[in-house]
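Work through these exercises with the structure open beside you. Try each task before you read its solution.

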Amino acid sequence: MKNNSLLRLENVSKQFGGLHAVEDVSFSLNKKEILGLIGPNGAGKTTCFNMISGALKPTTGKIFFKGIRIDGLPIHKIASMGIGRTFQIVRPFYSLTALENIQAALGIEKYQSKFQFWQKWDNQNIKKMALEILEKVGLADFAHYKAGLLPLGNLRRLEIARALALKPELLLLDESFSGLRQEEINKLSELILQIKESGVGILLIEHNMRVAMGLSDRMVVLDHGKLIASGPPEKIKNDPHVIEAYLGKGEKKYVAS
Amino acid sequence: MDSYIITIGIFIAINSIVVSGLNIIVGYAGQISLGHAAFFGIGAYTAAILATKAGLSFWLSLPVVIVITGTIGLLMGLPSLRVREDFLAITTIGINFIVEAFFMYVPFFGGALGIGGIPRIEFFGTPLHGFAFLVLCLVFLVIALFISWWFTKAWCGLACFTLRDDEVAASTIGVSPVKFKLLAFVIGTAMAGIGGALYAHYMRFISASDFGFPVSVMMLSMLVVGGMGTVWGPILGAAILGILPEVFRPLIDYRMLLYATLLLLVIRLQPGGILGDNGFVKSRLKAFSRGGKNEK
Amino acid sequence: MDLFIEQLMNGLAIGAIYALITSGLSLIYGILRILHVAHAGIYTIGAYVGLGVYSMTGNLLFAILASMAVCSILGILVERIVYSPLLKFPPYVPLIASIALLLGIEEVMRLIAGPQIHGFPVSLPLATIRVGNISLSSALVMVYIVSIVIFFVLWIITSKTDLGLAMRAVSQDMSIASAMGINSRQIVSLTFAIGSSIAAIAGILVGIYFNQVYPTMGAVPAYKTLALIVVGGLGSVPGAILASLLLGIAETLLIGYANIPFPRDALAFVAMILVLMIRPEGLLGNIKKKI
């Protein structure tokens, strides 16, 4: 049971007052794998994310990353262990340029050290690394634009680039496709597959069922905080519990497609 | 040089040092502080007490001043971990009033009479006054500017910028809000302490009202007028708000009104400060360089 | 014991005056999230206009109404000209503008009316009340009556009228309220008008109660009331009123009885820091923590 999976949730629950946002959820994620986390609105997906990334502490249950227990650690500790995340509502550093957003993330090790944070960040080496990452997500042309001036599609890429700059082993993507046009979706899907091929494990929250089905190797479905199904996309597609959960919310068209 | 001009120069230099410290807290790390004069005062009182009661020279007391103001600054930074924005603004106002009351009502600090008889700073046996004291202040100003500039180029500065923009996002790239906010508070308040020590030895008499809340407002105004988050903004702001009242001196009765009106006009028309992103200096430069792409 | 009760009644009156200033401030904070320090400047102007009109006409009611009208207009102008364009900037920007405005108002009043303290001699149509050995002066009685009336009217406006509903909607989310067809600009102006006219009344009451009107009479209340709206819970008017009454009583009793060499004016801030440590949302506040 104590296998070498990258991320493992064991019987995790989260209560807000009397409300069970997440109830007794367990799943695991391996390296070089995309796990889709889906479910109707309010199913507890983002709460799960916030517990993994450290923004929330589970009420009960354990979360392991590379075999080390991480639940309850502060956000920056978890980030420094190799977990990068994006936000459903983008949160770039608005007053910095796109390039500086990435440069800031490249300092992750310096921030943890005792004194190295006094060193200079503004050097050619860091700049080159940051530009390479921007290039990878296709934002090199916008390197010197203030992040606050970029359109949403670019900001979603910028957030992924910022997470990549942490050299993460696990990437948490929170609805990175929402609000994007079809061509942008295609480009971003390609990028995510590339990232996976480089050996990163990816946990993906996605509303657009077609995108989620296309990208995920395996899927986990939450409804009212409970895990109701898990398995490969083809199995999920025909799972009666899943269809019922979505039908109940009137989202039949997504399931059918 | 005219001693009147030297005096104004000394005040501008000391204010520039103190406001540079405030800039690190507010401009770089984004933690509003309306109680900076309290730390200016803690520095001044520490130096004054060490000089008059323990007979320590300025040079020997300086490290103590830095340690004491920095440590109290660390404690006062703790509320910033718990409350933010409006709450933090009001909390720091409160801290200023309480610290001032402390100086005023505790007999050890001279009470309402303040502390007098503070000796001049000596440099290899020569007491410094007039132009020599101005030079000393400028040396400290250069050091303060260097720290400010280095902060913008060092990882810790970048960490503070990310905290200023978005604390949660900053945490997800490994920035500990506790560590870097407190770092900004310690460095910023220690700089205020150094300014305070210089002030005490220059005035040679200090009292609680020198460090009241209106002084904090003036410091924040200097920062805002000059340009928050820029290296040179504090000096520009300290110079403008330091020279203006002197220019208005002939209109002595209207001085404060003109000062208030100008402050209101600047903040209303250039809310980012004169050296800030949308300030008129940058937009003029942009018009000349037409390299719009880099500064978009 | 009689002295204690008299002290208590005096403290309550001071608290009621604080509450009058603070309720307007809290109302304005609730709707615009602005620390309107210059509110104390409006209060100062209110006292001067009241005094000026009273000494010309000899009619107190008329003086109060004139002062309310002038202050409402000033409040609306301040919001339109100074605050409204600064709302998109970080909160310290309107705060500094507000402080500059307060300084400017103090200077203008000093230049117009002089730096000296003016008395506010009013013969009130109210008798001094005596119960046993306790006597309550007519000024004290007036403070009680006026503040009870004002708080009652304020309560009616905020909780029983459409205007109050609209104010609550705007304070929740201005853009959604606008989308629902509420004229947000108008509601904000009305809020400033209401808050400022209460401040005008407070100015006149203070002038009569202490028989003093002077340019910097707003300097101490300006910041003390900020502490009070934190203690009450930012944006909660009942909380602000409760905190003000408690502070008025505490200050008066502290001076009358405790022999602590501690300045009265710092008490509000000590209370505020204690409240922030123990109950950061304030006495009656209810602020949602954001993740």
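**Exercise 1. Count the helices and strands of chain A, then decide how its overall size compares with a compact globule.**

Step 1. Chain A holds 11 helices and 10 strands. Keep in mind that this is a predicted model.

Step 2. Take the radius of gyration. A compact globule of 257 residues would come out near 18 Å, and chain A has 18 Å, so the two agree.

Step 3. Look at the extent. The C-alpha trace of chain A spans about 55 × 40 × 35 Å along its principal axes.

Step 4. Check the burial. Of the 257 residues of chain A, 46% count as buried.

Step 5. Turn to the contacts in chain A with a separation of 6 or more. Residues 24 or more positions apart account for 65% of them.

**Exercise 2. Find the order of the strands in the four-stranded open sheet of chain A, and name its edges.**

Step 1. Recall how sheets are held. Strands pair through backbone hydrogen bonds, either parallel or antiparallel.

Step 2. Read across the sheet. The order is S2-S1-S4-S5 in chain A, and the pairing is antiparallel.

Step 3. Find the strands that pair on one side only. These edge strands are S2 (19–29) and S5 (68–69) of chain A.

Step 4. Zoom in on one pair. Strand S4 (residues 60–65) of chain A runs antiparallel to S5(A), and two bridges join them.

Step 5. Pick out facing residues. A:Phe64 stands opposite A:Arg69 in S5(A).

**Exercise 3. Work out which side of helix H5 in chain A is buried and which residues lie on the opposite face.**

Step 1. Locate the helix. H5 of chain A covers residues 124–136, which is 13 residues. From first C-alpha to last, H5(A) reaches 18 Å, close to the 18 Å expected at 1.5 Å a residue.

Step 2. List the buried positions. In H5(A) they are A:Ile126, A:Ala130, A:Ile133 and A:Leu134.

Step 3. Ask where they point. They cover an arc of only 100 degrees around the axis, so they sit on the same side of H5(A).

Step 4. Bring in the helix repeat. An α-helix has 3.6 residues a turn, so residues three or four places apart point the same way.

Step 5. Turn to the other face. Away from the buried side, H5(A) carries the exposed residues A:Gln124, A:Asn125, A:Lys128 and A:Glu132.

Step 6. Identify the cover. Helix H3 (98–106) and helix H6 (152–164) of chain A are among what covers the buried residues of H5(A).

Step 7. Follow the chain onward. After H5(A) comes A:Gly138, with a positive phi near 80 degrees.

**Exercise 4. Describe chains B and C in turn, using the same checks for each.**

Step 1. Count the elements. Chain B has 12 helices and two strands. Chain C has 11 helices and two strands.

Step 2. Write out the patterns along the sequence. Chain B reads α-α-α-α-β-β-α-α-α-α-α-α-α-α. Chain C reads α-α-α-α-β-β-α-α-α-α-α-α-α.

Step 3. Test the size of chain C. With 291 residues, a compact globule would be near 19 Å in radius of gyration, and chain C has 19 Å, which agrees.

Step 4. Compare the boxes. The C-alpha atoms of chain B fill roughly 55 × 45 × 40 Å. Those of chain C fill roughly 60 × 45 × 35 Å.

Step 5. Check the burial. In chain B, buried residues make up 58% of the 296 residues. In chain C, 51% of the 291 residues count as buried.

**Exercise 5. Describe the side of chain C that touches chain B, then the side of chain B that touches chain A.**

Step 1. Start with chains C and B. Their contact takes 34 residues from chain C and 31 residues from chain B.

Step 2. Name the elements on the chain C side. Helices H4 (92–113), H9 (219–232) and H11 (267–278) of chain C each give two or more residues. The largest share, 13 residues, comes from H4(C).

Step 3. Sort that side by class. It has 31 nonpolar, one polar and two charged residues.

Step 4. Move to chains B and A. Here 21 residues of chain B are in contact with 32 residues of chain A.

Step 5. Name the elements on the chain B side. Helix H6 (155–165) and helix H7 (167–172) of chain B each supply at least two residues. H6(B) gives the largest share, seven residues.

Step 6. Sort this side too. It divides into 10 nonpolar, six polar and five charged residues.

How values were computed:
Residues are numbered from 1 along each chain as its sequence is written. Chains are lettered from A and ligands numbered from 1 in the order in which they are written. This is a predicted model: local features need pLDDT of at least 70, side-chain atom pairs count only at pLDDT 80 or more; totals for chains, interfaces and linings use all residues. Two residues are in contact if their C-beta atoms, placed from the backbone, lie within 7 Å. Helices (H or I, at least four residues) and strands (E, at least two) are DSSP runs, numbered from the N terminus. Ala, Val, Leu, Ile, Met, Phe, Trp, Tyr, Cys and Pro count as nonpolar, Asp, Glu, Lys and Arg as charged, and the others, Gly among them, as polar. The expected span of a helix is 1.5 Å times one less than its number of residues. A residue is buried if 20 or more other C-beta atoms lie within 10 Å of its own, exposed if 12 or fewer, and partly exposed in between; C-beta atoms are placed from the backbone. The arc is that of the directions from the helix axis to the C-beta atoms. Two strands pair if DSSP finds at least two bridges between them. The radius of gyration is taken over C-alpha atoms; the globule rule is 2.2 Å times the number of residues to the power 0.38.
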